[in-house]
Amino acid sequence: MPEFRLYNSLTGEVEPFAPADGSTVRLYTCGPTVYNPAHLGNFRTFLFEDLLRRVLRMRGWGVEQVMNLTDVDDKIIKRATERGITIRALTDPVVTTFHADREYLRIQAAEHYPRATEYIAEMIALVERLQANGVAYRADDGSVYFAIDKFEGYGRLSRLDTRKIRTGARVAQDDYAKENAQDFALWKSAKPEDEACAAAWDSPWGRGRPGWHLECSAMAMALLGETLDIHAGGVDLMFPHHEDEIAQSEAATGKPFARFWCHGEFLLTDGAKMAKRVGNVSTVADLREQGVSAAALRHFVFSTHYRKQLNLSAAALEASIEAVRRIGDFSDRLARETAGSPALSEAADTLLVEATTVLSDDLNAPRAVGALFEFISAANRALDSRGSDPAALGRAREAFRQVNGVLDIVPDRGTSGGELADWVEAQLEARTQARARRDFAAADAIRKSLEEKGIAIEDSPSGTRWKSVR
Ligand code: AMP
Ligand code: ZN
């Protein structure tokens, strides 16, 4: 296998990557702020991280991934206050929706989903450590700030112009622009509205709550140790969030916080970043309503490299729906055929080599999708001219299963009689029986449950055929 390489925002170069311990990649991915269902822009980033995770596993490494859930920050407190409820009451249902959406998009589960409010003790301990090291100070507003001029590397990740660093000036809000590179809040003294929505905790500095940046440093180090292999997120997090995470963590431990920093580019609509504050967001719920499958969205997202901006449009989604149909038809054909030829076997080998090579080169998913389509054309031609070798067919199925298993465009139907196929066959049998006893409501319900799993069925005089469409 070719060397695995990844773009590192820290150095601005594509570099060879392997986990520090040689076997398990410790991966931290900044998760959603759970005050509103995540939009497709957020999910573009989570899909890039899903791809990263799957490629790391394809390379034979284990992955220990943490995705935090930010369940206390300025935006959450504002929203809970408007509604007159606690932050927990606001965030709980959003967390449930997040996981349902994530599962719909077949984003693999991380090993840990820590909630910020469950790591307050670790956050307080980190602030104490920073105070002991002389890089944090208590200001007259009762909050504790990080003194950026006491940390030498401040601004290195986002290549902050030193003139922009304003020492002594302070910024209390969680998010701010580069023009305001100032001392930022680690721990904020509680205001009456924080108490009202149960967003305040006891601390050595009185009642208060953590700053957003502190949350990630504390959870990452608690669960993965002081030096991560990879820290990932969307490009908008580079400043101030990741810059501040580095400052807090490294000023406390004296060790590099992450060996690689990886950032995914934006999803746009009509040329503008998809964002709640712009008001141009669409969600997984919208997709489902429009009948856009997870397969189509995954195809759409992976057809552009993660470091390039991607514009969401009806035409692009339409093209992905069509592409996915072709892949699904091909997957069905592979399951139906009984033998292949040397040409088929050759096409399978080419697919495996090409897909592994391009995915290992900074996750070049668009080229892997291209290789998959070239394989489909070549394999269809080889199958048309018939063959007599079941082993060649086996190789083709295996190559398809492996490459599709990384991109996860169509659900794996198993080679012969896999779990999905067994389940579908059982459902179809139940549907035939329901129709025989003229219980059409039950038959329709079964068809619907199949459709929800991405299985389309087609009745014909010779029986019912099915295929996976997402
Ligand atoms: P948030 O819930 O705002 O903290 O964001 C969660 C993740 O989504 C972060 O990694 C952001 O960088 C990412 N993100 C936000 N908007 C977009 C967008 N339009 N395109 C891609 N990623 C985004
Ligand atoms: Zn973070």
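Buried area is the accessible area, taken with a 1.4 Å probe, that two parts lose on being put together, summed over both. The exercises below use a predicted model.

**Exercise 1. Describe the contact between domain 2 and domain 3.**

Step 1. Set the bounds. The domain assignment splits the protein chain into domain 1 (20–264), domain 2 (268–407) and domain 3 (418–468).

Step 2. Place the two partners. Between the C-alpha centres of domain 2 and domain 3 the distance is 26 Å. Domain 2 puts 5 residues into the contact, and domain 3 puts in 4 residues.

Step 3. Take the area. Together the two domains bury about 320 Å², and carbon and sulfur atoms account for 32% of it.

Step 4. Find the main contributors on one side. Of the area that domain 2 buries against domain 3, 72% is supplied by Asp 329, Asp 332 and Arg 336. No other three residues supply more.

Step 5. Look for ion pairs. The rule finds 0 salt bridges across the interface of domain 2 and domain 3.

**Exercise 2. Locate the largest pocket and list what lines it.**

Step 1. Start with the space. The largest pocket holds about 890 Å³.

Step 2. Go to the centre. The lining has 40 residues, and those closest to the pocket centre are Asn 42, Lys 75, Asp 236, Leu 237 and Lys 273.

Step 3. Assign elements. Helix 1 (40–58), helix 2 (74–83), helix 3 (87–104) and helix 7 (238–253) each give two or more residues to the lining. Helix 1 has the largest share, with 4 residues.

Step 4. Sort by class. The lining has 17 nonpolar, 13 polar and 10 charged residues.

Step 5. Conclude on position. Domain 1 and domain 2 both give residues to this lining, so the largest pocket lies between them.

**Exercise 3. Work out which parts the salt bridge of Glu 111 and Arg 53 ties together.**

Step 1. Recall the principle. Side chains of opposite charge can pair when their charged atoms come close.

Step 2. Apply the cut-off. A salt bridge needs the side-chain nitrogen within 4 Å of the carboxyl oxygen. In the pair of Glu 111 and Arg 53, the closest N and O atoms are 3.0 Å apart, and a salt bridge forms.

Step 3. Map the pair. Glu 111 sits in the loop between helix 3 and helix 4 (120–132), and Arg 53 in helix 1, so the bridge ties together parts 58 residues apart in sequence.

Step 4. Put the pair in context. The count by this rule is 35 salt bridges.

**Exercise 4. State the backbone features at Pro 240 and Asp 270.**

Step 1. Check the peptide bond. Phe 239 and Pro 240 are joined by a cis peptide bond, with omega about -5 degrees. Pro 240 belongs to helix 7.

Step 2. Check phi. Asp 270 is a residue other than glycine, yet its phi is positive, near 45 degrees. Asp 270 lies in the loop between strand 12 (267–269) and strand 13 (272–273).

Key:
Residues are numbered from 1 along each chain as its sequence is written. Chains are lettered from A and ligands numbered from 1 in the order in which they are written. This is a predicted model: local features need pLDDT of at least 70, side-chain atom pairs count only at pLDDT 80 or more; totals for chains, interfaces and linings use all residues. Side-chain values use heavy atoms; hydrogens and water are left out. On a 1 Å grid over the protein atoms alone, a cavity is a set of points where a 1.4 Å probe fits but cannot get out, and a pocket is an open set with protein on both sides within 12 Å along at least five of seven lines; lining residues have an atom within 4 Å of a point. Grid points are joined across faces, edges and corners, and a volume is the space filled by probe spheres set on the points. Ala, Val, Leu, Ile, Met, Phe, Trp, Tyr, Cys and Pro count as nonpolar, Asp, Glu, Lys and Arg as charged, and the others, Gly among them, as polar. Domain bounds come from an automatic or database domain assignment. Contact means heavy atoms within 4.5 Å.
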